[in-house]
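This report covers selected salt bridges and one helix packing. Please look at the sequence and the structure before reading on.

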Amino acid sequence: MKVSVIISYHNEKIFINECLDSLEEQINKDFEAIVVCDHSSEEAMAELRAHPVSFPLTILELTDGSGVAAARNAGIRASQGEYILFLDCDDYLEKTALDFMIRRSEGQDIVYGRKRGTWYSRKAYYENLQKQEEINDAEAEEDEEEETQADRSMPEIRESDSEWIKVFCHIVRTGSMITGLSVLGILFRREYIVENGILFGEDYTYYGDLPFIVQAMCGTERVFEVRKILYHKRYHNDPINMPALSQITDEKTRLMEIMRAYLVIKEHVKGQDDRAEIAVDGKFIRYYVKKIARYYVTAGAKDAQEVYTEAAKCLPLIRKEAKKRAMLYSRRLMKRSMKREAKAVAKMVRRHSALQTFRRVVTKKSECKKYLYRKIFTKMKLKEDLVIIESFFGRNYSDNPKYIYEYLNKAYPGRYKYVWILNKKENLPYPATRIKRFSIRYFYYMGRAKYFVFNVRQPKYIIKREGTVFLETWHGTPLKRLAFDMEDNASASPFYRRYKRDIYAQTRLWDYMIAPNQFSLDVFRSCFMFDGEMLSTGYPRNDILHLEEKSKAALTAEIKQELGIPDGKKVILYAPTFRDDEYYDHAQYKFALQLDLDLLRKELGEEYVVLLRTHYFIVDSLDLTAYQGFAFNGSTYNDIARLYLISDILITDYSSVFFDYANLRRPMLFFTYDLEKYRDILHGFYIDVEEELPGPMLFTTEEIVDSIKRLPEVVDRYKEKYDVFYEKYCGWEDGNASKKVVEAVFGK
């Protein structure tokens, strides 16, 4: 057996299958896998045992000790391979990984393969490889200043240097601080490890890798680097329910472990090549400045003193050469610390932090506004009668907030004052102050309003003041998996590591949330982990769909005239959603029209016109000049419910619009040309669309044309499904949702 792959496993059952699949696909089969279960649950063990594999797999249950270090040591003792490779259960390998490393292992004690971080599952990663590289580049640019500063402490590497010093310094260089050292993605000769008694320190919870990797590297010249990405380190995007070790908040333990590890590392690296020692010292300096010294300011006196005492053992060991490469502030901070002037160190850190804040505030308008919001506006007296309202990030006057605002004015005239967040000028039917999102007035009113009515998430820096009331209306019955129900986030935001953490913090501020049906109520509880009061009322925006027929007909004629739609023409409303992996920037999505308008006009133009309505995230403008009189652009129209009223047929894909449109009981067609990708990679669905959708799933414009020509037949075929669908998703809607919501929130 050439390689023993050692995997530590706790309860990460959502990851283990992909980890094992990556081993199953290895082109070199000369390996065994040893999964060491660290007090795993019965459910997690069952998931592991049920996964089919064709390679030798040993499952061990850890009885002595616990933690990653103990699991890896148990794996080493059970291993039979000539080489050992450590693989975390939430990570995966390139299919060529073992083959590349094995072919280069002859005569080597260590074969170092490079790794890359990712927020994607294997399937999503390979589907979005180019985009992932762009995101990594963006994150690298984001940290460019810090990395440049960190590199000041790194020694120069010469072409004539031995391989071990080159590889060692590369490993040290991979992270901005000493915490970046890792054993992952490295092939170790088992006999070399065992003979030298190199084991993981089981008294470490977080940083057992550090002493192991340094001890292994410093004991041999027989090191080879494979300069190819072979290992994918998968970050956890759910730090609330499934945190990785790096996401667990345990600051004091982390600091103490790093300093203890540093002392052990210095013992092994001392007397080796000076540059190795200087490289480690440089990383520790950065860790001291960024983490340890700051802890003195925030921690209690007892904890701060313990950390301070431990740091006093480490700082004198730092080489002068490493100190000279450090920034002036870092050198001064260490000098004060070595003199045991704890108060002076804390004062320096506060002053440095205040200076950095001051620079941000005076150089960036956005930071200045946030500072005023935090320090001044939120300290002013709360305006008890002030309601601040936002719909779709201030894009328009629309959706549930619009109808709540209008009912409030009718039911409680003159009782409240209103502030609408609107980025463009729009006429409002009742008095209200209009402000632009992120203007200085925006922060002023956000700091002083008692009531908040939003249909999307609020910015994460918003503070919930005592006495404020937050009504979250949301904006649709969810078909696509959301937030904590998503395994992967393939959207345009590069901040995957903060996505679910931010959602959790934001939803803690919500007091009320509207549910249009029982299905949505259950999903919202799950996907947002929402524990506030759920309003089982239906959506206020759908009240208009339940007007009396006479009122509905009059309003329909008014809207058609407003849009310039010819009399006597039936309307096909096409309302697709965005694609998460097609974007320019965060919340700036592309849109490629897949519907063949030429064919539609040719086959249906005598009887129908087409009204296109894209998702509010889409920034691409539709050029419909070639289809004048047949295709109309309703993307900028502020109220989609009014577009439902004038349409005779809805064509959509995975947008939630069909749940609302069903209130009208009119025909619906589903243009699902990329179903497999959207369902299996980008989002995943809450419902079985093939079983539940109240209309046909179509994949070409030709199929759409054929279905419209045979519409009575299609309607009859889906009547029974439509009835079931209506009862499940529209049963709460009765035209009185606005009244129910306002009475529940404001009537008190």
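K740 is partly exposed, because its relative accessibility is 32%, and partly exposed covers the range between 20% and 50%. The model is a predicted one. D734 is also partly exposed, at 38% relative accessibility. The side chains of D734 and K740 meet in a salt bridge, with 3.1 Å from N to O.

**Salt bridges**

A search of the whole structure finds 46 salt bridges. Three of the pairs are set out here.

| Pair | Closest N to O distance | Burial |
|---|---|---|
| R189 and D109 | 2.7 Å | R189 buried, D109 buried |
| K402 and D639 | 2.8 Å | K402 buried, D639 buried |
| D734 and K740 | 3.1 Å | D734 partly exposed, K740 partly exposed |

R189 and D109 form a salt bridge at 2.7 Å, and this pair links distant parts of the chain. R189 lies in strand β7, residues 186-189. D109 lies in the loop between α4 (97-103) and β6 (110-118). The two residues are 80 residues apart.

K402 and D639 form a salt bridge at 2.8 Å, and they too link distant parts of the chain. K402 belongs to helix α18. D639 sits in the loop between β20 (631-633) and α24. Here the separation is 237 residues.

Salt bridges also join up into a network. Its members are K266, K270, D274, E277, D281, R319 and E321.

**Around R642**

Is R642 buried or exposed? R642 is buried, because its relative accessible area is 14% and buried means under 20%. R642 is placed in helix α24, residues 640-646. Leaving aside residues up to four places away in sequence, R642 touches K402, I544, L555, E558, I559, E562 and Y637. K402, one of these contacts, is the salt-bridge partner of D639.

**Helix α18 against helix α31**

How far apart are the axes of α18 and α31? Helix α18 (residues 399-411) and helix α31 (residues 737-745) pack with their axes 9 Å apart. The angle between them is about 70°. That makes α18 roughly perpendicular to α31, because angles of 65 to 115 degrees fall in that class.

From α18, the contact uses Y403, I404, Y407 and L408. From α31, it uses S738, K739, V741 and V742. By class, the contact has six nonpolar residues, one polar and one charged.

Note on methods:
Residues numbered from 1 in each chain as written. Heavy atoms only, no water. Axes fitted to C-alpha atoms, helices over the stretch in contact; angles between N-to-C directions. Helix = DSSP H or I, 4+ residues; strand = E, 2+ residues; numbered from the N terminus. Parallel < 35°, antiparallel > 145°, perpendicular 65-115°, else oblique. Contact = heavy atoms within 4.5 Å. Nonpolar A, V, L, I, M, F, W, Y, C, P; charged D, E, K, R; others polar. Buried < 20%, exposed > 50% of the residue type's maximum accessible area, 1.4 Å probe, protein only. Salt bridge = Lys/Arg side-chain N within 4 Å of Asp/Glu carboxyl O.
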